[in-house]
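Reader: I'm in my first year and still learning how to read a protein model. Could you pick out one helix for me and take a close look at it, then show me how it sits in the rest of the chain?

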Amino acid sequence: MFTTFRGGQTGTWRVLSVAPVRGETLPIMPAVSVTHADTISLPPAPSAHSWRLIGVASHVRYVERLEKIALNKVQAGLGRPEATCAALIPIRKSNAWWLMSQNERRRIFEDKSRHIADSLKYLPAIARQLYHSRDLGGPFDFLTWFEYAPAHAERFEELVAMLRESEEWQFVEREVDVRLARIV
């Protein structure tokens, strides 16, 4: 199943801000739509009036069995009515990251950066989904999607700050932070 995030004139999410964290930003659009489909047409056609980012929710990587069990126990699903805030944070990592073996990346991801262990305390208040896009020819390797209630906005900022301070984030060469509010 392919998930497409389309920045444009219409959508179910109103764009509050688009901020480049590292590298080139995305064009500012008033809305974002999120669609799921079995097929897509590649490559995404560039447009002055919209952008498209496509990813696939795949199996969880860099996670050991006990970590996966812990995540499954506490994580919330997307689409909760109270979760009217969202963030789309597309990320591209450096070639140095991809030249490492899976085990080397795992050591940085969890053993050093504690990506899973330190993120658990933010669940279930913050729901998240990672979409892989590296092999689809897009400009990013990952599309990270978060949903949360306005009451948890400060906790979300803590989570993002913690992740950006980790050793893993030294390998991020492009990151854009798109903040959204659900249109009701």
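**A close look at one helix**

Author: Let me warm up with a single residue, to show how burial is judged. Valine 60 has a relative accessibility of 47%, so it counts as partly exposed, since exposed would need over 50%. This valine sits in the loop between β4 (51-56) and α1. Its C-alpha atom is 30 Å from that of leucine 16, and the two residues are 44 apart along the chain. Please keep in mind that this is a predicted model.

Now for the overall setting. The protein has 5 helices and 8 strands. Reading from the N terminus, the order of the elements is β-β-β-β-α-β-α-α-α-β-β-α-β. The radius of gyration is 16 Å, which agrees with the value near 16 Å for a compact globule of 184 residues. The C-alpha trace spans about 40 × 40 × 30 Å along its principal axes. Buried residues account for 44% of the 184. Of the contacts between residues at least 6 apart in sequence, 77% join residues at least 24 apart.

The helix to look at is α3, residues 102-112. Which of its residues are buried? They are Arg105, Arg106, Ile108, Phe109 and Glu110. Seen down the axis of α3, these buried residues fall within an arc of 165°, so they line one face of the helix. A general rule helps here: an α-helix has 3.6 residues a turn, so residues three or four places apart point the same way. On the face of α3 turned away from the buried side, you will find the exposed residues Asn103 and Lys112.

What covers the buried residues of α3? The cover includes α1 (65-74), α2 (95-99) and α4 (115-119).

Next, follow the chain out of the helix. After α3 comes arginine 114, with a positive phi near 55°. For comparison, most residues other than glycine have a negative phi, and most peptide bonds are trans.

Histidine 115 then belongs to helix α4. With 18% relative accessibility, histidine 115 counts as buried, because the cut-off is under 20%. Leaving aside residues up to four places away in sequence, histidine 115 touches Phe109 and Glu110, together with Leu163, Glu168 and Trp169. Phe109 and Glu110 are two of the buried residues of α3 that you met above. The C-alpha atom of histidine 115 lies 18 Å from that of serine 94, which is 21 residues away along the chain.

A little further on, leucine 123 and proline 124 are joined by a cis peptide bond, with omega about 5°. Proline 124 is in the loop between α4 and β6 (126-132).

To finish, here is a buried residue in a strand. Threonine 4 is part of strand β1 (residues 2-8), and its relative accessibility of 13% is why it counts as buried. Apart from residues up to four places away in sequence, threonine 4 touches Ser33, Val34, Thr35, Ile40, Arg52, Leu53 and Ile54.

One last view takes in the outside of the protein. About 9,800 Å² is exposed, and carbon and sulfur atoms supply 55% of that area. The protein has 24 positive and 21 negative charges, and the mean positions of the two sets are 3 Å apart.

Terms used:
Residues numbered from 1 in each chain as written. Predicted model: local features only at pLDDT ≥ 70, side-chain atom pairs only at ≥ 80, totals over all residues. Heavy atoms only, no water. Buried < 20%, exposed > 50% of the residue type's maximum accessible area, 1.4 Å probe, protein only. Helix = DSSP H or I, 4+ residues; strand = E, 2+ residues; numbered from the N terminus. Arc of directions from axis to C-beta. Contact = heavy atoms within 4.5 Å. Rg over C-alpha atoms; globule rule 2.2 N^0.38 Å. Areas by Shrake-Rupley, 256 points an atom, 1.4 Å probe, with all protein chains shown as cover. Lys, Arg positive; Asp, Glu negative; His and termini not counted. Charge placed at Lys NZ, Arg CZ, Asp CG, Glu CD.
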